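Visitor: Got a minute to walk me through a model? I'd like to start with the backbone oddities.
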Amino acid sequence: MPRPHTAMRKIREVIRLSLGERLSLRQISSSLQIPTTTVGDYVRRARNAGLSWPLPSDLDDDSLESLLFGSQTGPTQERPMPDWAKVHLELRRPHVTLMLLWYEYRQAFPDGYGYSQFCEHYKRFASKVDVVMRQNHKAGERLYVDFSGGKVPIYDQKLAEIATEAELFVAVLGVSNLLYAEAIPSQELMYWIDAHVRTFEFLGGTPQLLIPDNLRSGVTRSNRYEPEINATYAEMAAHYGVAILPARAFRPR
C-alpha cells in the first residue's frame, strides 16, 4: 500500500534536514516530532540509494518510495499504539513500572513496540501532560528518602512459607536518579538511621540536603512551615554535616 502524501512529505523533509542542512538525527526528530530511530532509518535508506540534496526534480513520491523501500507486495500493518492516558494513570499505582506495563502490552500485542520505543512514545506523551511544579535540581544537592509503601515478603526455606515482611527503604539523588534500596525489618528509628548510614557508604559521600517524607522516624511533628525533626535523626544529620528539609505535609500533585 503506497504511503500517504503527508508521510512522503515528511520523508522528504527528513532527507532535506539531514543531507541538506546537516542536522543530527535527534534535532530532526525533535523538529518533525517523529522517533529518532525512524529518522535514522529514513536517512540510512536515502544514503544507501545514493540520494543527495536537492532531490532530482522529476523524482515523484511513487518513485521515491520505490527507491527507498522497494516494491510493496502487500499492505503493511502498523503496530498498535498503547492508550497512553491509561498508561500514565497506571503508573501512579504502587509498584507499577513502565517495564510491567510494557510486558502487559506485548502480551496483548506480540508484534507491538519494543521496550525502548514504548518508553520513547510514553516520554513524548508525558512531556505534554500538564505539570503543576517543575523541580530544578543541582548535582549532589538533594537526596530523597522514604519507604516504598509496600512490604517485601521474607520466606523461611525450612517452613516453605512467609516468615515475616520487611520494609523497603529507598533513597534517590535528585539529578542522576541514582537509586539505593534496602529491605529492613521495620520503620523503627534505629533501622531508619542505619539505612541512611549504608546509603552514604553506597554513594561514597553525603548530599547537602536530606528530603524525607513526613514519616514518624524522621519527622516528629509535620508542619508546612516548621516541621519538628526527630532528635536522633537530627543528630545523625549533624554528625554527617547534612541538613534535613522534610517534604511538604500535603498530598503531592
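Guide: Sure. One term to begin with: helices here are DSSP runs of H or I with at least four residues, numbered from the N terminus. Also, this is a predicted model.

Visitor: Okay, which peptide bond is cis?
Guide: That's the one from tryptophan 53 to proline 54, with omega near 5°.

Visitor: And where is proline 54 found?
Guide: Proline 54 is in the loop between helix 3 (36-48) and helix 4 (61-69).

Visitor: Why point out a cis bond at all?
Guide: Because most peptide bonds are trans. Likewise, most residues other than glycine have a negative phi.

Visitor: So what's phi at glutamine 33?
Guide: Positive, near 60°, and glutamine 33 isn't a glycine. You'll find glutamine 33 in the loop between helix 2 (25-32) and helix 3.

Visitor: What about asparagine 177, what's its phi?
Guide: Also positive, about 60°. Asparagine 177 is in the loop between strand 2 (161-173) and strand 3 (179-184).

Visitor: Is asparagine 177 buried or exposed?
Guide: Exposed, because its relative accessible area is 54% and the cut-off for exposed is over 50%. Glutamine 33 has 49% relative accessibility, so it counts as partly exposed.

Visitor: Switching to the surface: which residues make the nonpolar patch?
Guide: Met99, Tyr103 and Tyr115 make that patch, about 280 Å² of it.

Visitor: Where does tyrosine 115 sit, and why does it count as partly exposed?
Guide: Tyrosine 115 is in helix 7, which covers residues 115-126. It counts as partly exposed because its relative accessibility is 31%, and that class runs between the 20% and 50% cut-offs.

Definitions and conventions
Residues are numbered from 1 along each chain as its sequence is written. This is a predicted model: local features need pLDDT of at least 70, side-chain atom pairs count only at pLDDT 80 or more; totals for chains, interfaces and linings use all residues. Side-chain values use heavy atoms; hydrogens and water are left out. Patches are made of residues with over 30% relative accessible area and no salt bridge: like charges are joined within 9 Å, nonpolar side chains (Val, Leu, Ile, Met, Phe, Trp, Tyr) within 5 Å. Accessible areas come from the Shrake-Rupley method with a 1.4 Å probe; for residues, only the protein chains shown count as cover. A salt bridge is a side-chain nitrogen of Lys or Arg within 4 Å of a carboxyl oxygen of Asp or Glu. Helices (H or I, at least four residues) and strands (E, at least two) are DSSP runs, numbered from the N terminus. Buried means under 20% relative accessible area, exposed over 50%, partly exposed in between (1.4 Å probe, protein chains only).
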